[in-house]
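Here are some notes for a reader coming to this structure without background. Please keep the sequence and the 3D view open while going through the points.

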Amino acid sequence: SMFTSQDIFYGGASNSGSIYRLDFGNTLGGSAIQPHIQTAETVMESPFTKKVIKKFYLDTNGTSGDTINIDVYVDTRAVTTYSTTLNTTGRNLLYLNNVNTSGNRFKFGISAPNISESLRLNTFSVIYEPTTRDLYR
């Protein structure tokens with residue numbers, strides 16, 4: 001179960017009787033928590049138009065040396081992971097060129113496997129180009 005008290009979010013573990021503060025810190029039991037988010041599936045323009053993803057743009061705040069991975073799922077299957085590294089501490093405006101992944105439906109997973117402090121993802125943009133109508137393969 002979960003509850004809030006004085007604007008603090010708590011969750012209980014049913015198998016141990018423990019209560020955990022859920023909205024605080026970036027470690028659990030001394031181990032770093034690896035952030036991961038995943039988008040819902042998107043068809044961008046239309047599910048019937050094949051698209052080619054050209055670039056990713058990321059606007060982040062983090063620590064120099066932190067790695068960000070972008071998992072691309074095309075038409076419900078995992079295809080490729082793209083990685084980039086933050087080159088400064090603070091705000092980073094990053095782009096990944098030459099993605100060239102094509103499909104009709106996409107989902108994206110963004111993770112940071114080795115963050116040193118905290119990482120904030122301000123914006124994630126996908127630059128793509130519609131190619132052909134692909135009603136029936």
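**Notes on the surface and the core**

1. Met2 counts as exposed, because its relative accessibility is 61% and the cut-off for exposed is over 50%. The model in which this value was computed is a predicted one. Met2 belongs to strand S1, which covers residues 2-5.

2. Met2 is also part of a nonpolar patch on the surface. The other members are Phe9, Tyr20, Leu22, Leu28 and Ile33, and together the six residues have about 600 Å² of accessible area.

3. Turning to the interior, the largest nonpolar core contains 15 residues. Strands S7 (49-62), S8 (67-74), S10 (90-96) and S12 (106-111) each give two or more residues to this core. The largest share, 4 residues, is that of S8.

4. Ile53, Phe56 and Val72 have the most contacts inside the core. Beyond its neighbours within four places in sequence, Ile53 touches residues including Met44, Val72, Phe106, Phe108 and Tyr128. Val99, Asn100, Thr101, Val126 and Ile127 are also among the contacts of Ile53.

5. Why is S12 described as largely enclosed by the rest of the structure? Of the 6 residues in S12, 5 are buried, so the description follows.

6. S12 has antiparallel pairing with S8 over 6 bridges. Within this pairing, Val72 has Phe108 of S12 as its bridge partner. S12 also pairs with strand S6 (residues 36-38), again in the antiparallel sense, over 3 bridges. Here His36 is matched with Ser111 in S12.

Key: Residues are numbered from 1 along each chain as its sequence is written. This is a predicted model: local features need pLDDT of at least 70, side-chain atom pairs count only at pLDDT 80 or more; totals for chains, interfaces and linings use all residues. Side-chain values use heavy atoms; hydrogens and water are left out. A nonpolar core is a set of buried Ala, Val, Leu, Ile, Met, Phe, Trp, Tyr and Cys residues joined through side-chain atoms within 4.5 Å. Buried means under 20% relative accessible area, exposed over 50%, partly exposed in between (1.4 Å probe, protein chains only). Contact means heavy atoms within 4.5 Å. Two strands pair if DSSP finds at least two bridges between them. Patches are made of residues with over 30% relative accessible area and no salt bridge: like charges are joined within 9 Å, nonpolar side chains (Val, Leu, Ile, Met, Phe, Trp, Tyr) within 5 Å. Accessible areas come from the Shrake-Rupley method with a 1.4 Å probe; for residues, only the protein chains shown count as cover. A salt bridge is a side-chain nitrogen of Lys or Arg within 4 Å of a carboxyl oxygen of Asp or Glu.
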